[in-house]
Amino acid sequence: WDAATGRPACELDAASVHIARVFPDGRKVVTGSLDQRAVIWDAVDCGAIWELFHSHWVVGVAVLPAGDSVATIDAADGVAVWHIESGERVRVSLDIGL
């Protein structure tokens with residue numbers, strides 16, 4: 001949304017999106033969808049920066065505080081962290097003692 005006009009600044013081509021988070025700088029958005037992708041979008045030109053592929057639908061996304069990585073959660077493989085400069089996926093093991 002354009003804060004000055006109150007109108008959409010752009011529309012992202014994102015099928016089945018059910019969750020989105022804005023980066024701290026306001027220039028990027030990460031979405032999670034039922035089509036097994038998380039996508040990092042440029043919020044200025046509305047283009048996809050990275051498509052982050054999963055083996056199941058993406059049920060959660062988060063932007064890490066520094067704004068240089070995102071965490072995604074899919075319904076099959078759990079949590080992964082992605083570095084946005086390289087698109088590299090780093091697995092995270094969550095041992096919560098259950």
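This is a short tour of a predicted model, moving from its nonpolar core to a surface patch and then to its salt bridges.

**Stop 1: the core**

Start by selecting Phe23, Val30, Ile40, Leu52, Val61 and Val70. These residues have the most contacts inside the largest nonpolar core, which has 13 residues. Next, colour strand E3 (37–42), strand E5 (58–63) and strand E7 (78–83), the elements that give two or more residues to this core. Of these, E5 gives the most, with 3 residues.

Now centre the view on Val70 and show its surroundings. Which residues does valine 70 touch, leaving aside those up to four places away in sequence? Going through its contacts, you will find Phe23, Val30, Ile40 and Leu52, then Ala62, Val63 and Leu64, and finally Ala80, Val81, Trp82 and Ile84.

**Stop 2: a nonpolar patch on the surface**

Stay with strand E5 and pick Val59, which has its place there. Is valine 59 buried or partly exposed? With a relative accessible area of 38%, Val59 is partly exposed. Add Leu34, Trp57 and Ile73 to your selection, and you have a nonpolar patch on the surface. Together with Val59, these residues have about 350 Å² of accessible area.

**Stop 3: the salt bridges**

Side chains of opposite charge can pair when their charged atoms come close. How many salt bridges does a search of the whole structure find? The search finds 3.

Begin with Asp25 and Lys28, whose side chains meet at 3.1 Å, N to O. The two partners differ in burial: Asp25 is partly exposed at 45% relative accessibility, whereas Lys28 is buried at 17%.

Then move to Arg37 and show its side chain. Arg37 is buried, with a relative accessible area of 16%. One of its partners is Asp35, with the closest N and O atoms 3.0 Å apart; Asp35 counts as partly exposed, at 27% relative accessibility.

Another partner of Arg37 is Glu51, and here the closest N and O atoms are 2.5 Å apart. Why does this pair tie together parts that are 14 residues apart in sequence? Because Glu51 lies in strand E4 (residues 48–53) and Arg37 in strand E3, the salt bridge joins those parts. Glu51 is itself partly exposed, with a relative accessible area of 38%.

For a last view, keep Asp35, Arg37 and Glu51 on screen together: they are linked in a network of salt bridges.

Technical notes. Residues are numbered from 1 along each chain as its sequence is written. This is a predicted model: local features need pLDDT of at least 70, side-chain atom pairs count only at pLDDT 80 or more; totals for chains, interfaces and linings use all residues. Side-chain values use heavy atoms; hydrogens and water are left out. A nonpolar core is a set of buried Ala, Val, Leu, Ile, Met, Phe, Trp, Tyr and Cys residues joined through side-chain atoms within 4.5 Å. Buried means under 20% relative accessible area, exposed over 50%, partly exposed in between (1.4 Å probe, protein chains only). Helices (H or I, at least four residues) and strands (E, at least two) are DSSP runs, numbered from the N terminus. Contact means heavy atoms within 4.5 Å. Patches are made of residues with over 30% relative accessible area and no salt bridge: like charges are joined within 9 Å, nonpolar side chains (Val, Leu, Ile, Met, Phe, Trp, Tyr) within 5 Å. Accessible areas come from the Shrake-Rupley method with a 1.4 Å probe; for residues, only the protein chains shown count as cover. A salt bridge is a side-chain nitrogen of Lys or Arg within 4 Å of a carboxyl oxygen of Asp or Glu.
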